[in-house]
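User: Please pick one part of this model and look at it closely. What surrounds it, and how does it fit into the rest?

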Amino acid sequence: MIRRAFRPEARPSWRTLGLAAIAGALGALGQAPWSLWPVALLGFAGLFWLYRETLSAPKAAWIGWAGGAGYFAIALFWLVEPFLVDIARHGWMAPFALFFMSGGLALIWATAFGVAHRIGGLIALVILWCAAEMLRSVLFTGFPWATVGHIWSGHPILQLAALGGTPVLTCVALAISAGPSSRKPLVGIGMSAALLGGSWLYGAQVLSTNAALFTDQTVRLIQPNAAQHLKWDPEHSGRFLQRAVDLTTEPADAPLDLIVWPETSVPYPLNGAPAVLEAIAKAGRGTSVIVGGNDRIEDGWRNTLTLLDQNGQRTQTYHKYHLVPFGEYIPFGEALSKLGIRGLASRDGGGFSKGPGPQLMDLPGIGPALPLICYELIFPRSFRGLDRPNLLLQITNDAWFGNISGPYQHLAQAQVRAVEQGLPLIRAANTGVSAVIDPWGRVLAQTQLNEVAFLDAKVPAPTDATLYSRVDDWPMRGGLAVLLLWLIIARRRVSIDQTAPHR
């Protein structure tokens with residue numbers, strides 16, 4: 001099928017491909033900061049209609065690719081922002097990065113569309129499209145950013161994530177969108193409306209019966225707003241550090257139990273700057289402080305989160321283990337660095353070294369918390385194999401993501417993680433958005449993007465362990481596999497019946 005797909009006669013008309021790209025782009029408008037879920041459903045419905053009208057699997061694959069390219073080009077256009085931090089060195093790569101990322105991820109959608117057409121029917125596409133989104137969450141270390149199901153972040157349907165995670169959110173969105181393209185459109189629209197209404201009412205009921213509960217602990221989140229292009233400049237880095245110290249010393253209305261600085265907020269190697277850490281602890285006036293920075297160790301640099309006691313001593317340390325490809329490291333980094341190619345955020349040619357893996361930290365007065373540094377938040381598998389914590393703690397430097405969509409999409413994914421796990425989440429972001437989120441994904445307090453600020457807030461209490469936190473993605477994987485097998489068997493039986501001689 002792959003070879004045939006590139007023959008001219010196997011490709012749909014340019015008009016059809018253009019319509020598919022537009023439909024995909026509309027689908028992306030369901031992502032933050034637009035959050036136009038009705039427009040997104042309309043876009044996905046357009047792709048289902050084009051798929052239904054397609055007469056061959058190769059043409060269906062082309063429609064899937066064009067739709068995916070349009071979707072990812074809009075949803076991920078913030079990817080050009082990191083390359084503009086140092087335009088002289090990296091600016092030329094920005095359009096290529098967006099083009100290859102969008103086109104590459106669209107190949108996963110293309111495969112789903114092509115295989116679904118072989119099996120036949122809209123249900124096959126719903127199943128395989130959902131499976132494709134699950135696949136890109138793990139393929140080549142995974143990139144589950146702007147997953148279709150994220151269009152429900154901030155809306156009542158998000159509560160379904162407690163049952164089946166992001167995959168169930170994606171399947172609901174696609175099933176709703178498929179209805180109008182069914183053989184009986186009025187019946188299909190009715191079923192879509194029933195699914196949308198039932199899911200919405202379920203989520204609204206969960207939210208109305210679960211008010212946010214709070215512990216007695218108060219946390220302060222520090223947002224120094226250090227511009228990325230100046231962050232490591234010796235003429236400015238000291239000023240940003242002092243700004244964070246000043247925010248730390250600001251008086252509080254209630255006693256503080258924890259102060260959290262964002263990712264890489266200390267511009268000096270943490271294991272080589274004891275005086276700096278002591279000064280930060282002194283600013284905390286007896287309150288434990290979490291800071292983000294870098295450690296220089298035997299196998300290279302590590303992106304680090306560390307907890308300081310009142311004397312500036314490091315009592316617990318976490319090293320980031322899920323690194324950003326082509327950001328914090330690139331394959332064959334030492335060799336490629338000689339050609340001037342290196343990760344955007346790397347300290348050496350080979351980039352950062354990854355830590356040993358996820359772990360819990362015991363925060364004074366708060367209890368066990370799961371630390372996450374930036375990009376690690378987007379992976380549900382970061383939570384596996386650990387005892388249940390009281391809190392999710394993220395430090396991040398979203399200055400890399402620009403000012404339009406990236407930081408807001410990161411925040412939206414934090415809301416999804418909180419609901420999936422039934423745990424509160426606090427996040428300190430360098431340029432914003434810093435926030436406190438309850439176990440139902442509600443943002444209880446937040447800063448504004450690109451402001452110098454601190455945020456004091458009560459720590460929400462966790463809820464009971466969710467179904468998803470106990471069973472992970474396995475029920476969804478098994479369910480999709482069983483449904484797909486059933487469709488294949490049913491299609492085979494129909495083919496046999498149609499070819500059998502009539503008596």
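Analyst: **Helix α3 and its neighbours**

The buried residues of α3 pack against six helices: α2 (14-28), α4 (57-75), α6 (94-119), α7 (122-135), α8 (161-178) and α9 (185-208). Here, buried means under 20% relative accessible area; over 50% is exposed, and in between is partly exposed (1.4 Å probe, protein chains only). Helices are DSSP runs of H or I, at least four residues, and strands are runs of E, at least two, numbered from the N terminus.

This is a predicted model, so local features need pLDDT of at least 70, side-chain atom pairs count only at 80 or more, and totals for chains, interfaces and linings use all residues. Numbering starts from 1 along each chain as its sequence is written, and side-chain values use heavy atoms, without hydrogens or water.

Check the length of α3. It has 16 residues (37-52), so at 1.5 Å a residue it should span 22 Å; its end C-alpha atoms are 22 Å apart, which agrees. The expected span is 1.5 Å times one less than the number of residues.

Which residues of α3 are buried? They are Trp37, Ala40, Leu41, Gly43, Phe44, Ala45, Leu47, Phe48, Leu50 and Tyr51. An α-helix has 3.6 residues a turn, so residues three or four places apart point the same way.

Now follow a partner. Leaving aside neighbours within four places in sequence, Trp129 is in contact (heavy atoms within 4.5 Å) with Phe44, Leu47, Phe48, Trp109, Ala112, Phe113 and Leu174. Trp129 is also among the residues with the most contacts inside the largest nonpolar core, which has 94 residues. Such a core is a set of buried Ala, Val, Leu, Ile, Met, Phe, Trp, Tyr and Cys residues joined through side-chain atoms within 4.5 Å. Apart from it lies another core of 18 residues, including Leu256 and Val291.
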